[in-house]
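Please read the report below alongside the sequence and the 3D view. It takes up one residue, then the chain as a whole, then some chosen side chains.

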Amino acid sequence: HCQCSPPRRPFGPSQRAMRVKRNKNHRRILRFFRLTFGVQEPYHVLVDGTFLTHALQQRIYVKEQLPKMLEGRTTPMVTNCVLEELRSLGDRALGAAIIAKGYYRLKCGHEDPIVASKCIAQQIGQQNERRLLVATQDPELLQTLRDVPGVPLIRLHGPVPQLEEPSKTSQKRKASLETQKVRAAEWEKPKLPKLKAKEIQAKALAEQPKKVRKKKGANPLSCKKSKKSKP
């Protein structure tokens, strides 16, 4: 199976405008996840079999398209469970299995492979501490991951990969973090006058002219010639 990108027709004005708008949205969404959850380049994208199979049907070269979409260094990865699930489907998913084999293998710790969607959900956990992005077409997995704050999700709309808007859970977490910052600022307010007074005092001390020390004359005792001892 050739993984080369097929030749594309040149974009018309309306398609070009849509592409510009889509790229702008992707930057805004990535900025949200970077500032709120620390998701940043190089991006680690956990890809499942549904995404790879759909990409192959649409003749999309995932390794080439993801960095373009995210506008940064990107590492697509799979778990052993994803690879084994694709292999178990036989000829139907042979092409996707071959592609997945060439991706970075994320250790999932399952000696006996489990369902790929459950494996991916376990890698994300409750907080997505490893700051992974997930590329999937599985509706159930998408819904599960939307309930975890800070998980950027990638889906294919026909031949176009798109970054989902942040989920309600992620937006709530952002609002909660902002509230905490405001509360911390309010707690600090009573201390501000004291801190300001200290700053003024330190500045005043720094601006005071330093006393110039007078040079002391030479010690007369040190100038005396040492008496030569008689032989």
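Which side chain of opposite charge is nearest to Asp138, and how many Å away is it? The section on Asp138 gives the answer.

## The model and its confidence

This is a predicted model. The mean pLDDT of the protein chain is 86, and 81% of the residues score at least 70. Confidence varies along the chain: helix H10 (residues 220-223) has the lowest mean, 60. The highest is found in strand E4 (residues 133-135), at 98.

## Asp138

Asp138 sits in the loop that runs between strand E4 and helix H7 (139-146). The residue is buried but has no salt bridge. The nearest side chain of opposite charge is that of Arg146, which is 9.5 Å away. A salt bridge needs a side-chain nitrogen of Lys or Arg within 4 Å of a carboxyl oxygen of Asp or Glu, so a distance of 9.5 Å does not qualify.

What does Asp138 touch, if its neighbours within four places in sequence are set aside? The contacts are with Asp48, Thr50 and Ser117.

## The chain as a whole

The protein chain has 231 residues, and 32% of them are buried. Its secondary structure consists of 10 helices and six strands. The accessible surface is about 16700 Å², and carbon and sulfur atoms make up 54% of this area.

Contacts can also be sorted by how far apart the two residues are in sequence. Of the contacts in the chain with a separation of 6 or more, 65% are between residues 24 or more positions apart.

## Leu52

Leu52 belongs to helix H2 (residues 49-57). Is this residue buried or exposed? Leu52 counts as buried because its relative accessibility is 2%, and the cut-off for buried is under 20%.

Leaving out neighbours within four places in sequence, Leu52 is in contact with Val47, Val62, Leu86, Ala96, Ile99, Ala100 and Tyr103. Another pairing shows how the fold brings separate parts of the sequence together: Leu52 and Thr136 are 84 residues apart along the chain, while their C-alpha atoms are separated by 8.2 Å.

## Cysteines without disulfides

The structure contains zero disulfides. Cys108 is in no disulfide, and the nearest cysteine sulfur, in Cys81, is 3.8 Å away. Cys119 also has Cys81 as its closest cysteine by sulfur position, at 3.7 Å. Why is there no bond between Cys119 and Cys81? The two sulfur atoms are too far apart for one, because a disulfide requires them to be within 2.5 Å.

Both Cys108 and Cys119 are buried. The relative accessible area of Cys108 is 17%, and that of Cys119 is 0%.

## Salt bridges

Side chains of opposite charge can pair when their charged atoms come close. How many salt bridges does the structure hold? The number is eight. One of them joins the side chains of Arg28 and Glu165, with an N to O distance of 2.6 Å. Arg28 is in helix H1 (residues 13-37) and Glu165 is in the loop between strand E6 (160-163) and helix H8 (168-188), so this pair ties together parts that are 137 residues apart in sequence. Arg28 is partly exposed, with a relative accessible area of 42%, and Glu165 is partly exposed, also with 42%.

A salt bridge within one helix is formed by Glu84 and Arg87, at 2.9 Å from N to O. Both residues lie in helix H4 (residues 80-88), three residues apart, which is about one turn of the helix. Glu84 counts as partly exposed at 30% relative accessibility, as does Arg87 at 41%.

## A network around Arg146

Arg146, named above as the nearest opposite charge to Asp138, has a salt bridge with Glu164 (2.6 Å, N to O). Glu164 lies in the loop between E6 and H8 and Arg146 in helix H7, so the pair links parts that are 18 residues apart in sequence. Glu164 is buried, with a relative accessible area of 11%, whereas Arg146 is partly exposed at 22%.

Which residues are linked with Arg146 in a network of salt bridges? They are Arg155 and Glu164.

How values were computed. Residues numbered from 1 in each chain as written. Predicted model: local features only at pLDDT ≥ 70, side-chain atom pairs only at ≥ 80, totals over all residues. Heavy atoms only, no water. pLDDT = per-residue confidence, 0-100. Helix = DSSP H or I, 4+ residues; strand = E, 2+ residues; numbered from the N terminus. Buried < 20%, exposed > 50% of the residue type's maximum accessible area, 1.4 Å probe, protein only. Lys, Arg positive; Asp, Glu negative; His and termini not counted. Contact = heavy atoms within 4.5 Å. Areas by Shrake-Rupley, 256 points an atom, 1.4 Å probe, with all protein chains shown as cover.
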